[in-house]
Amino acid sequence: MSVATESQRAFGPGNGAMRRRVLATVRVSLPWLRSLGAAAAGAVALYALWELGAAISGGSLPRPGRTLLTLQALLSEPFVDRGPNDKGIGLQLTASLVRVAIGFGAASLVALPIGILLGANSLMRAIFDPVVQVLRPVSPLAWFPIGLMLMRSAPNAAVFVVFVCSLWPTVINTAFGVSTVPQSHRDVARVFEFSTFRYLMKVVVPHSLPHIFVGLRLSLGIAWLVIVAAEMLSGGTGIGFFVWDSWNALDLERVLSAILIIGIVGLVLDRAIAFVGNRFVYTEVD
Amino acid sequence: MASPYLEIKHVTKSFGDYTALQDVSLDIRRGEFVSLIGHSGCGKSTLLSLIAGLTRITSGSLTLEGTTITKPGADRGMVFQHHSLLPWLSVYENIAEAVDAVFRDRRVLKRAERRTRIERLLRAVRLWEHRDKKPGQISGGQRQRCAVARAFAVQPRVLLMDEPFGAIDALTKSALHDELLSLWAEDSETETVIMVTHDIDEAIYLSDRIVVMTDGPRAGIREVVEVPLSRPRDKRGMLHDPRYAVTKEHLLDLLTSGLAVTGAA
């Protein structure tokens with residue numbers, strides 16, 4: 001008996017253990033398979049509705065099959081550059097992503113310290129909260145003329161619009177996180193004589209990070225929404241310009257292809273920032 | 001005789017119109033283990049947080065070795081009612097951050113000495129194997145042991161504990177009592193302990209003196225009871241000691257007659 005156990009230890013698990021392990025794997029992957037199946041069903045449903053809509057429109061709305069062929073053609077030469085009105089979809093996407101990166105990045109760098117300041121100081125909060133509340137609901141495109149005036153270039157005005165619109169969620173959520181540090185954590189910092197720097201780095205920031213990431217995630221989502229609209233106004237390059245240019249050429253298949261791409265890129269951005277943010281989630285005890 | 005170590009003289013504490021403590025006077029000697037006991041809301045936690053310096057007295061005087069207490073400091077280590085570990089730091093980091101914060105300016109303990117000290121304390125409270133876990137991954141008893149280790153780690157002269165074992169089951173509590181006593185005995189820097197509790201047996205087992213408080217508002221001290229048991233004490237043996245029975249009965253009288261007075265009034 002003990003020999004058999006020894007040999008199992010030496011040569012890996014026996015049949016029973018193997019079977020249990022396989023079953024466990026199946027059980028673990030079942031929910032995953034389930035959500036994959038559900039997503040596939042959703043895609044099929046969208047395809048069917050789209051097909052139906054195309055049939056009802058009598059040909060004005062391109063059918064999904066032809067759109068997917070156009071999409072395939074677009075994706076086959078993403079970085080082709082045949083002059084200002086014929087650039088590959090990859091180049092247009094890159095232009096938009098660079099603008100979002102600059103606008104959102106700069107906004108985050110500005111919004112974080114402001115959020116921390118507003119969260120830490122209730123007087124500051126009382127003063128600036130109304131300002132934020134008034135500016136926050138302003139339509140992104142209303143900022144476009146201001147951007148043109150300040151940046152003196154249409155593409156840079158688009159960056160400015162992204163910058164302004166992605167400030168607010170980060171400011172608001174950072175301020176919320178910082179202002180909700182529990183009294184018990186403050187007391188710990190006081191009793192153990194934490195310096196201001198240590199208090200900031202070991203108490204305020206870790207407590208606020210999940211809130212900060214909620215803000216960043218919302219801001220990035222808004223930035224991606226806004227860039228498409230802003231590029232329709234600014235022209236030149238970018239996925240928004242591509243949509244508008246395709247509409248002017250009455251090429252709805254390209255418009256629909258771009259919509260699919262915008263949606264998928266937006267999803268990837270959202271998941272990426274959520275993935276980073278999840279690393280800072282902690283379990284509150286008590 | 002020299003002036004008292006920790007002197008509480010005619011201390012009153014009000015929150016707006018509400019007077020939590022009125023004219024409280026108490027002298028605590030160096031090296032004493034004192035428990036504050038009373039019903040919920042009698043201001044015992046308030047008194048502790050005044051000594052900690054977390055809140056300021058309204059009137060009276062409060063001095064430690066002749067120096068007025070105005071703010072919190074690591075010379076008075078604290079074990080909070082709800083452990084108050086930082087949830088994003090591991091068990092080890094929770095203690096290390098406190099140690100680094102306290103000894104940063106003083107250059108008393110070198111880095112290696114701090115590590116040794118933290119390890120010794122974590123082993124003493126049986127958490128060394130769990131040092132890399134977050135507070136959310138360990139049990140309530142383990143969290144409280146970590147908080148006790150953190151308080152001892154900064155070598156306070158006075159250790160303040162606010163119902164440190166209130167949320168802990170009886171068996172774990174009993175083990176924690178002995179851990180606490182052995183830490184207290186070993187740790188040369190920490191001599192004086194002040195503990196808030198509502199557990200009479202815990203108070204008798206651990207304390208030299210028990211301060212029984214009257215009910216709030218305007219709470220004060222009803223009586224200070226000496227515990228006539230010599231150290232080291234034995235929990236099991238204590239139960240059969242007639243002096244234990246007398247002390248417990250006296251404490252019960254003080255606490256329940258307080259209730260009767262409140263009921264009559």
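## Two domains in chain B

The centres of domain 1 and domain 2 of chain B sit 24 Å apart, going by C-alpha atoms. Keep in mind that this is a predicted model. Domain 1 of chain B is stitched together from three stretches, 1-22, 38-72 and 213-265, while domain 2 of chain B covers 74-196.

Where do the two domains of chain B meet? On one side there are ten residues of domain 1, and on the other there are nine residues of domain 2. Helix α1 of chain B (residues 44-52) makes the largest contribution to the domain 1 side, with five residues. If you sort that domain 1 side by class, you get six nonpolar residues, two polar ones and two charged ones.

## Where chain A meets chain B

Now for the contact between the chains. Chain A puts in 19 residues here, and chain B puts in 21. Two helices of chain A, α9 (183-191) and α10 (196-234), each bring at least two residues to the chain A side. Which of the elements gives the most to that side? That would be α9(A), with six residues.

As for the chemistry, the chain A side of this contact holds eight nonpolar, four polar and seven charged residues.

## A look at chain A

Chain A is helices and no strands: twelve of the former, zero of the latter. Read from the N terminus, then, the elements of chain A are simply α after α.

Of the 286 residues in chain A, 32% are buried. How do the contacts in chain A spread along the sequence? Taking pairs at least 6 residues apart, 70% of the contacts link residues that are at least 24 apart.

## The nonpolar core

The largest nonpolar core counts 121 residues. The residues with the most contacts inside this core come from both chains: V161(A), V162(A), F192(A) and A223(A), plus A149(B) and I194(B). Among the elements, α10(A) is the top contributor to the core, with 15 residues. That helix has already come up, as it also supplies at least two residues to the side of chain A that touches chain B.

For a closer view, take A149(B). Which residues does A149(B) touch, leaving out those up to four places away in sequence? The list is I95(B), L121(B), L122(B), V125(B) and L127(B).

Notes
Residues are numbered from 1 along each chain as its sequence is written. Chains are lettered from A and ligands numbered from 1 in the order in which they are written. This is a predicted model: local features need pLDDT of at least 70, side-chain atom pairs count only at pLDDT 80 or more; totals for chains, interfaces and linings use all residues. Domain bounds come from an automatic or database domain assignment. Two residues are in contact if their C-beta atoms, placed from the backbone, lie within 7 Å. Helices (H or I, at least four residues) and strands (E, at least two) are DSSP runs, numbered from the N terminus. Ala, Val, Leu, Ile, Met, Phe, Trp, Tyr, Cys and Pro count as nonpolar, Asp, Glu, Lys and Arg as charged, and the others, Gly among them, as polar. A residue is buried if 20 or more other C-beta atoms lie within 10 Å of its own, exposed if 12 or fewer, and partly exposed in between; C-beta atoms are placed from the backbone. A nonpolar core is a set of buried Ala, Val, Leu, Ile, Met, Phe, Trp, Tyr and Cys residues joined through C-beta atoms within 7 Å.
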